[in-house]
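User: I am new to this structure and would like a close look at one part, the aromatic rings and the charged side chains around them. Please take me through it step by step and say what each piece connects to.

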Amino acid sequence: AAGITKVSDDGKHVFPVGEFQVPGYSHYHWDGNKAADIFSPLQRPPILAQESGTIRFVVLNDSLGGKYIKLQASNNGRWYYYAHLCHVFVKPGQGVNAGQVIATMDETGSGRIQHLHYAINKDSSYFYGGDGDICPQSDFEEKFDFNICTDSWAVRAITGKPMCCIK
């Protein structure tokens with residue numbers, strides 16, 4: 001069964017995984033840093049641009065992130081990092097709208113199970129080890145009015161413990 005696409009009250013931001021389902025949806029990052037691993041029970045769900053902007057980087061074979069995309073927002077300069085992708089539907093320099101499908105989720109690179117590795121930076125394209133400088137959990141709470149940092153079978157299977165990002 002398909003899930004829903006979550007849009008912020010102002011209509012400018014869209015949750016990065018389309019058709020997410022609750023329960024069966026989790027958000028964590030294994031090392032507690034400022035990034036999120038978002039899991040879905042759906043096979044290769046759509047990955048969406050969180051806000052309108054320009055695709056700046058598309059990498060198709062990185063040992064850590066596998067296939068990944070970096071998007072720069074047009075209204076505030078934020079950078080978004082989407083990793084472990086399957087099909088990539090965008091190219092560098094391409095403008096995208098919030099909610100536009102830019103890829104599908106997979107387990108490329110160092111991913112062991114299907115998930116989206118997701119990070120946000122205020123004003124830099126550099127994501128050290130895939131981590132940003134804004135906690136996605138805080139961003140999700142602010143824009144989508146929900147807190148999804150709960151226990152996850154997927155994270156426990158990999159690390160033996162759940163971790164939420166540090167606010």
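Analyst: Phe15, Tyr80, Tyr82, Tyr118 and Phe140 are joined by ring pairs into a cluster. The model is a predicted one, and everything below is to be read in that light. The structure holds eight aromatic pairs. One of them is formed by Phe57 and Trp79, with ring centres 6.2 Å apart and 40° between the planes, a tilted arrangement. Phe57 belongs to strand β4 (residues 53–62) and Trp79 to strand β6, so this pair ties together parts that lie 22 residues apart in sequence. The two partners do not have equal cover: Phe57 counts as partly exposed because its relative accessibility is 37%, whereas Trp79 is buried because its relative accessible area is 8%.

Tyr68 and Tyr81 make another pair, and because their planes stand at 50°, with the ring centres 5.1 Å apart, the pair is tilted. Distant parts of the chain are linked here too: Tyr68 sits in strand β5 (residues 66–73) and Tyr81 in strand β6, 13 residues apart. Both of these tyrosines are buried. Phe57 has a charged companion as well, since Lys70 lies over the face of its ring, 5.2 Å from the ring centre.

The cluster leads on to the helix. Phe140, one of the cluster's rings, is also among the buried residues of helix α1 (residues 136–144). The others named as buried in that helix are Pro136, Gln137, Asp139, Lys143 and Phe144. Why do they fall on the same side of α1? The reason is that they cover an arc of only 160° around the axis. In general, an α-helix has 3.6 residues a turn, so residues three or four places apart point the same way. After α1 comes Asp145, whose phi is positive, near 55°.

The charged residues of the helix come next. Asp139 and Lys143 form a salt bridge, with their closest N and O atoms 2.7 Å apart. Because they are four residues apart in α1, about one helical turn separates them. Both residues are buried; for Lys143 this is because its relative accessibility of 13% falls under the 20% limit. Lys143 also forms a salt bridge with Glu142, where the closest N and O atoms are 3.9 Å apart. Glu142 is exposed because its relative accessible area is 63%, so this bridge joins a residue counted as buried to one counted as exposed. Arg78 joins in as well: Arg78, Asp139, Glu142 and Lys143 are linked in a network of salt bridges.

The count of salt bridges comes to four. Another of them brings together the side chains of Arg44 and Asp106, at 3.7 Å from N to O. This pair links distant parts of the chain, 62 residues apart: Arg44 is in the loop between β2 (36–39) and β3 (46–48), and Asp106 is in the loop between β9 and β10. Arg44 is partly exposed because its relative accessible area is 35%, while Asp106 counts as buried because its relative accessibility is 13%. Arg44 also has a positive phi, near 50°, in a residue other than glycine.

The loop that holds Asp106 also carries Thr108, which is found between β9 (101–105) and β10 (116–121). Thr108 is buried because its relative accessible area is 19%, just below the limit of 20%. Beyond its neighbours within four places in sequence, Thr108 is in contact with Leu64, Gly65, Gly66, Lys67, His84 and Leu85. One of these partners is also reached through a polar atom: the side chain of Thr108 comes to 3.2 Å from the backbone oxygen of Leu85. Thr108 also brings the account back to the ring pairs, as its C-alpha is 9.0 Å from that of Tyr68, although the two are 40 residues apart in sequence.

His84, among the contacts of Thr108, is placed in the loop between β6 (79–83) and β7 (85–88). Its phi is near 70°, a positive value in a residue other than glycine. His84 counts as buried because its relative accessibility is 5%.

Notes:
Residues numbered from 1 in each chain as written. Predicted model: local features only at pLDDT ≥ 70, side-chain atom pairs only at ≥ 80, totals over all residues. Heavy atoms only, no water. Helix = DSSP H or I, 4+ residues; strand = E, 2+ residues; numbered from the N terminus. Buried < 20%, exposed > 50% of the residue type's maximum accessible area, 1.4 Å probe, protein only. Contact = heavy atoms within 4.5 Å. Polar contact = N/O pair within 3.5 Å; in protein donor to acceptor, adjacent residues only side chain to side chain. Arc of directions from axis to C-beta. Phe/Tyr/Trp six-rings, centres within 6.5 Å; stacked < 30°, edge-to-face > 60°. Lys NZ or Arg CZ within 6 Å of the ring centre and 35° of its normal.
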